[in-house]
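I opened a fresh notebook page for this one. Here is what I looked up, in the order I went.

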Amino acid sequence: MLSFNYSLTAQTSTTWKGCAPGQQTNWNCPKNWSNQKVPDEFSNLVILDVSTTILAAPAVKNGRFEVNSTQLQSNAKLTIERDAFLPMQHVNA
């Protein structure tokens, strides 16, 4: 008897909102993302220009994070601190 297990994972798009009270810049706060989940290796990110809004730009403070792609809108800001790693090989600006 043969048995096959398949795991299908779809890429998803998620947009930074930066509006969680007390956690506005926290990358790890699910409420800061449009799909209410911290991005993973299947996520296509969109980081908005929040400079003219009350929203906050994201900051990756520590840890290692993998994402599928990152799109930075014009004037968008993303901070990656010393103790953090976010590969930026698939960035569209």
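How many helices and strands does the protein chain have? I found zero helices and six strands. I noted that this is a predicted model. Along the sequence, I read the pattern β-β-β-β-β-β.

Next, I checked burial and surface. Buried residues make up 31% of the 93 residues in the chain. For the accessible surface I noted about 6,300 Å², with 51% of that belonging to carbon and sulfur atoms.

Then I turned to the aromatic rings. I counted three aromatic pairs. In one of them, Trp27 meets Trp33 edge-to-face, at 4.9 Å centre to centre and with 80 degrees between the planes. Trp27 and Trp33 are both buried.

Trp27 also pairs with Phe65, and I logged that pair as tilted, with 6.2 Å between centres and 55 degrees between the planes. Where do the two partners sit in the chain? Trp27 is in the loop between β1 (12-15) and β2 (43-47), while Phe65 is in the loop between β3 (59-64) and β4 (69-72). The pair thus links distant parts of the chain, 38 residues apart. Phe65 is buried, as is Trp27. Together with Trp16, I saw Trp27, Trp33 and Phe65 linked by ring pairs into a cluster.

My last stop was the largest nonpolar core, which has twelve residues. Trp16, Trp27, Trp33 and Phe65 are among them, and so are Leu45, Ile47 and Val60. I followed Ile47 a little further: leaving out residues up to four places away in sequence, Ile47 touches residues including Trp16, Trp33, Pro58 and Leu72.

Notes:
Residues are numbered from 1 along each chain as its sequence is written. This is a predicted model: local features need pLDDT of at least 70, side-chain atom pairs count only at pLDDT 80 or more; totals for chains, interfaces and linings use all residues. Side-chain values use heavy atoms; hydrogens and water are left out. Rings of Phe, Tyr and Trp (its six-membered ring) pair if their centres lie within 6.5 Å; planes under 30 degrees apart count as stacked, over 60 as edge-to-face and the rest as tilted. Buried means under 20% relative accessible area, exposed over 50%, partly exposed in between (1.4 Å probe, protein chains only). Helices (H or I, at least four residues) and strands (E, at least two) are DSSP runs, numbered from the N terminus. A nonpolar core is a set of buried Ala, Val, Leu, Ile, Met, Phe, Trp, Tyr and Cys residues joined through side-chain atoms within 4.5 Å. Contact means heavy atoms within 4.5 Å. Accessible areas come from the Shrake-Rupley method with a 1.4 Å probe; for residues, only the protein chains shown count as cover.
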